[in-house]
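Hi,

Here is the structure I promised to pass on. Have a look at it first, and then read on for what turned up.

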Amino acid sequence: HLMTMDLAGGTPVPAVALVCSGGHTTLYHLDGTDSPSILGTTMDDAAGEALDKASKMLGLGYPGGPAIEKAADDGDPQALRLPRPLWGSDTLDFSFSGLKTALYVFLKKEGYFNPAPRTMGLPFPVKDIAASFQAAVVDILVRRSLFALETLNLRDLVVVGGVARNRLMRARLEESSKEGGFRVHFPPPALCTDNAAMIAALGYRQRGRAIRDPLSLNAYSTKAMKAVRKNTEETTA
């Protein structure tokens, strides 16, 4: 995902980079070296994962990010009070599990999971719930990104990954950049979601630096590998 800025014209350094997608929510310090340092990462769900799960609960489909965003267009982002985990703490880590759980508890309490039509006697329409959930996710991402800039005293913020397509987050960060005097950089929306171009770009870069991975390298994420090991342990137990 970080390579998409190179494809879009170049990555500014030094900078803070937010990678937010279905599998990642991580802040990096880009200092021009080959190994960006991690400033903070999610302690549980990724931002895109939380949006996917919320969308599933609301019956909006997959992928959840675009579905939630579409449903939220005419919704009231202040209709439902949802938590912002780690909001008052001085950390660069993220947490979305509590937000997701709060939504589930609310929906269950209000009967959204009942077989009867959801439109009958429910206090909040789906569009308001979607708008409220989207606002909570964006609030968390924006707050942590601004805190990272302040902590490192940097003036450039790079935002990549599938969630970087979200119009609300783009608008919020662009507004904050004008108020705070920093620059925010997004790749074109088409390069935000998983794509072959970013993989090829990284491969080309690695090849040019004579960097090769061993044949033992797999295509599984860390989260997927943990699930594989857990299933293997349960099967052999």
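What share of the residues in the chain is buried? Of the 237 residues, 41% are buried. Keep in mind as you go through this that the model is predicted.

First, the overall layout. The chain has eight helices and five strands. Reading from the N terminus, their order is α-β-β-β-α-α-α-α-β-α-β-α-α. If you take the contacts between residues at least 6 apart in sequence, 67% of them join residues at least 24 apart. The accessible surface adds up to about 13300 Å², and carbon and sulfur atoms account for 54% of that.

Now the hairpin. Strand 2 (residues 25-30) and strand 3 (residues 37-41) run antiparallel and are joined by four bridges. Within that pairing, tyrosine 28 has isoleucine 38 in strand 3 as its bridge partner. Six residues sit between the two strands of this hairpin, and in the turn you'll find glycine 32 with a positive phi of about 95°.

On to the salt bridges, where I spent most of my time. The structure has eight, and here are three of them.

Let's start with aspartate 45 and lysine 100, whose closest N and O atoms are 3.1 Å apart. This pair links distant parts of the chain: aspartate 45 is in the loop between strand 3 and helix 2 (47-57), while lysine 100 belongs to helix 4 (residues 97-109), 55 residues apart. Both aspartate 45 and lysine 100 are buried. They also belong to a network of salt bridges that links Asp45, Glu49, Lys53 and Lys100, so have a look at those four side chains together.

Next up is the salt bridge between the side chains of aspartate 139 and arginine 84, at 2.7 Å from N to O. Aspartate 139 is in helix 5 (residues 126-152) and arginine 84 is in the loop between helix 3 (64-72) and helix 4, so this salt bridge ties together parts of the chain 55 residues apart in sequence. Is aspartate 139 buried or exposed? Its relative accessible area is 15%, so aspartate 139 counts as buried, the cut-off being under 20%. Arginine 84 has a relative accessible area of 22%, so arginine 84 is partly exposed. Which residues does aspartate 139 touch, leaving aside those up to four places away in sequence? They are Arg84, Trp87 and Arg172, so the salt-bridge partner shows up in that list too.

The third one joins aspartate 156 to arginine 183, with 2.9 Å between the closest N and O atoms. Here the link is between two strands: aspartate 156 is in strand 4 (residues 156-160) and arginine 183 in strand 5 (residues 183-185), 27 residues apart. Aspartate 156 is at 10% relative accessibility and therefore counts as buried. Arginine 183 comes out at 47%, so arginine 183 is partly exposed.

That's the tour. Happy viewing!

Definitions and conventions:
Residues are numbered from 1 along each chain as its sequence is written. This is a predicted model: local features need pLDDT of at least 70, side-chain atom pairs count only at pLDDT 80 or more; totals for chains, interfaces and linings use all residues. Side-chain values use heavy atoms; hydrogens and water are left out. Buried means under 20% relative accessible area, exposed over 50%, partly exposed in between (1.4 Å probe, protein chains only). Contact means heavy atoms within 4.5 Å. Accessible areas come from the Shrake-Rupley method with a 1.4 Å probe; for residues, only the protein chains shown count as cover. Two strands pair if DSSP finds at least two bridges between them.
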